[in-house]
Amino acid sequence: MTQSPFYFGVRHLSPAAGIELRSFLEEKKPELVLVEGPSDLNYMIDSICDPKVRFPIAVMAYTEKAPVRSILYPFAEYSPEVQALLWAKKNGSKVEFMDLPSSVFLAMPSGDEKESEGTTESVYKRMEVATGESHESWWERTFEQLGNTGKYREAANAFGRELRKAEKSQGRRDTAETLVREAFMKKKIEAAIKSGTPPEKIVCVCGAFHVGGLEENEAMTDEEAENLPKANSFATLMPYSFFRLSSMSGYGAGNESPSYYQMMFDAFTKGIKKGESNDEIMKGFVTAYIVECAKEHRNAGNIVSAASLIETERLAYALSAIRGGRHPNIEDLDDAMTATIGHGDFSKIVYATTKVKIRPVVGYLPQGMSKTAVQDDFNRQLEKLKLEKHRSEVVSEIELDLREKLSAQSDEAAFRDLYRSFFLNRLSVIGVNFARIKESGQSNMNWKEVWSAQWLPEVEIELVEASLMGDSIKGVCASRLKEMTDEAQSMDGTAEVFGKAFQCGLPDMCAYALKKVQALSTEDNALFQTASTADRLSTIVRYGTLRKFDTETLEPMVEKLYLRSILIMKEACRCDDENARKICSAIDSISKLQLNHSSLDEQLLLDTLYQIAEDDSLNCRCSGFSMSLLLERGKCGNDKLSAEISRRLSKGTPPDLAALWFEGLSEKNHFALIARIQIWEELNKYIDSLDNDEFDRSLVVLRRTFAEFSQNEKCEIAENLGEIWGTDKGSTAEVLTQTITEADKKKIGELSDFDFDDI
């Protein structure tokens, strides 16, 4: 080629590049602008340039099948690529992306890219040693402060060429991916020239590193282009954020201070329109940045005087001069503010400076611009449910009252919080982490929910992944719940899915899950599974009207599970000590179930509890626990209680079994036990009857039992014992509740592996 187009090398997030590129395009007025970007996504350029778009945004390309692989192309307003697209659209020039198609990137391995990044990073480290400052600080002082002087293009292109030489001097060759990309871009350039566009009427905007490759390397052949690997893929636009554009988020090509660079870009844009010089613009920008940091410092409750701000600017310029700069950069400004406002302590100003450097700004796309139906549905729902203010990187709280607002003028307003709950629960089910429910916010699915909301770009990626399963959030949620129901192996697990469908306001999926619960209920003989399932359905029966759910079909199922639990309860108590706690918890759930539903036959439960309490062949803990439930319900008289205690705490009962029975008895209403003096009389007689070995065997369980009592309850028990022993109640309580000594702990520790320090 005897002629070549104009190459404008840039840094991908450089405000100075964006400013000077705009001026360069005005000067050259090209017929064609080629921009480094995925060449299969040219159809998105009109959307990117839509005047209603608010940056930052990103283009995301992703594979059409799970597991989804994706690639992101983030843009800020000050990105030179964006400025090139906007200029071309405004001035009627043709504009296209010229890099490899996104479908090729998605099909390529990522190893070479990481190798290249590591090589470049090592060059930057050498530069930092040579210059004495960070690469970011050096770049700003050397390039960003050039502003609109007309020197950026030449400087950036030279830097890119020297960077390539530096990498080659380390004995490393250009990576395969870099060579393929540059050969493809060169092919696009040559094709444009062959089609009749004069090379002097073409401006190519690319990373400064690629300028040397485009000038020197050969173009890719048609055959080579045809043989490139390709993945079936889609692409979408998505809002992005300043935080995700920052290197703090882990983005390798990011700025340390994207909001700071946006301020710089805005200052140059306004200053150029006013006809200000580069020095005037930079001076105004430095002052504005210091003032913004001072505002944030004051908002945090600190005092900042005008005099200290004047001194900050003077010191920043002095530091810049010492370091070889014409104007302060971000490092000079931080150091100056540390000395004047932070009084020598950077930690005192870091909150304010970080707030200004990385504002919690999230981009915006007009309705219908997203390329998946699920994204569009998400945006519509946010607007309809008035949740748009929570679309922020700052965590916010959403408090919902699911009850009908009787003063509302419309059904939509009356139940808005309920519809919000449906929406947020649906997002949770499909794995879109826009909001998370707080544990304290949804006790027993009552009328109140509290959610913690935070929008991050990952939310948009999760929405795109969800789009593979349907066209709306409701539809995707239904599909996911169906999958979860089909995958559930237990009755309780299926009931859990039913509960999620209930929370999501999807009655059809509730019916689907309930059908499987009914099928499994005839097969599952585990008490804790049956009790847990009954408890879940019971909660929905009691609070179903809050969510406009017809519970009529559930009530027979709850009764069926209750009756089944009663039938298998006694047999379930033939268990070892390891499972006894789980069985007791299940029995307690069934007892509460009956109390919550007066239609359930109480006498059936009482008869079964009596049988378990009196049967010596069952687990002692379960028997004691059944007795405690009878006591709690007022269904066990003093005579019956005394007889059972005498029998269970008799000399013929093994000490460890007697202690386990007493542990079960003590698990429920402590007050009911403390108030019955005969319990303590029998326990006292039983312990007196034990020899040393028997006492040691029972001590571990008894100590574990009394660990569940509060300090006040222990004092009341001690007073009972004082009355039995005929001693002063207060003195007895003081002696019995004193802190155990280390010697006593050691002695007790020899009896078992039980960890008494946890008591």
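A residue is called buried when its relative accessible area is under 20%, exposed when that area is over 50%, and partly exposed in between. Arg323, to take one case that returns below, has a relative accessibility of 31% and therefore counts as partly exposed. The model shown in these views is a predicted one.

**View 1. The whole chain, with its helices and strands.** The secondary structure of the chain comes to 36 helices and 10 strands. Of the 759 residues in the chain, 51% are buried. Among the contacts in the chain with a separation of 6 or more, 75% are made by residues that stand 24 or more positions apart. The surface that the chain exposes comes to about 35100 Å², and carbon and sulfur atoms supply 49% of that area.

**View 2. The aromatic pair of Phe378 and Phe434.** The structure holds 21 aromatic pairs. In the pair shown here, the ring centres of Phe378 and Phe434 are 5.6 Å apart and the ring planes stand at 85°, an angle over 60 degrees, so the pair is edge-to-face. Because Phe378 belongs to helix H17 (residues 373-384), while Phe434 belongs to the loop between helix H19 (416-429) and strand S9 (435-437), the pair ties together parts that are 56 residues apart in sequence. Phe378 has a relative accessibility of 0% and so counts as buried, and Phe434, at 1%, counts as buried as well.

**View 3. The tilted pair of Phe415 and Tyr419.** The rings of Phe415 and Tyr419 form an aromatic pair with 6.5 Å from centre to centre and 50° between the planes, an arrangement described as tilted. Phe415 is buried, since its relative accessible area is 11%, whereas Tyr419, with a relative accessibility of 26%, counts as partly exposed.

**View 4. An aromatic cluster, and two charges over rings.** One aromatic cluster is formed by Phe6, Phe8, Phe24, Trp138, Trp139, Phe143, Tyr152 and Phe159. Elsewhere, a charged side-chain end sits over an aromatic ring: that of Arg547 lies over the ring of Phe502, at 5.7 Å from the ring centre, and that of Lys582 lies over the ring of Phe528, at 4.4 Å from the ring centre.

**View 5. The salt bridge between Arg161 and Glu215.** Side chains of opposite charge can pair when their charged atoms come close. The count of salt bridges in this structure comes to 43. In one of them, the side chains of Arg161 and Glu215 meet with 2.9 Å from N to O. This pair links distant parts of the chain, with Arg161 in helix H7 (residues 152-169) and Glu215 in helix H9 (residues 208-216), 54 residues apart. Arg161 counts as partly exposed at 30% relative accessibility, and Glu215 counts as partly exposed at 38%.

**View 6. The salt bridge between Asp335 and Arg323.** The closest N and O atoms of Asp335 and Arg323 are 2.7 Å apart, and the two residues form a salt bridge. Since Asp335 lies in helix H15 (residues 330-340) and Arg323 in the loop between helix H14 (306-322) and H15, the pair ties together parts that are 12 residues apart in sequence. Asp335 has a relative accessible area of 30% and is partly exposed.

**View 7. A salt bridge inside helix H26, and a network of salt bridges.** An α-helix has 3.6 residues a turn, so residues three or four places apart point the same way. Lys592 and Asp588 meet through their side chains in a salt bridge of 3.5 Å, N to O. Both residues lie in helix H26 (residues 577-596), where 4 residues, about one turn of the helix, separate them. Lys592 is partly exposed, its relative accessible area being 45%, while Asp588, at 13% relative accessibility, counts as buried. In a network of their own, Glu133, Arg141, Arg323, Asp332 and Asp335 are joined by salt bridges that share partners.

**View 8. Helix H15 and its surroundings.** Of the 11 residues of H15, 8 are buried, so the helix is largely enclosed by the rest of the structure. The buried residues in H15 are Ile330, Asp332, Leu333, Asp334, Ala336, Met337, Thr338 and Thr340. What covers them includes helix H6 (135-142), helix H12 (258-274), helix H13 (278-299), H14 and helix H16 (350-357). At the N-terminal end of H15, Asn329 acts as a cap, with a side-chain oxygen 3.1 Å from the backbone nitrogen of Glu331.

Key:
Residues numbered from 1 in each chain as written. Predicted model: local features only at pLDDT ≥ 70, side-chain atom pairs only at ≥ 80, totals over all residues. Heavy atoms only, no water. Phe/Tyr/Trp six-rings, centres within 6.5 Å; stacked < 30°, edge-to-face > 60°. Helix = DSSP H or I, 4+ residues; strand = E, 2+ residues; numbered from the N terminus. Buried < 20%, exposed > 50% of the residue type's maximum accessible area, 1.4 Å probe, protein only. Lys NZ or Arg CZ within 6 Å of the ring centre and 35° of its normal. Salt bridge = Lys/Arg side-chain N within 4 Å of Asp/Glu carboxyl O. Contact = heavy atoms within 4.5 Å. Polar contact = N/O pair within 3.5 Å; in protein donor to acceptor, adjacent residues only side chain to side chain. Areas by Shrake-Rupley, 256 points an atom, 1.4 Å probe, with all protein chains shown as cover.
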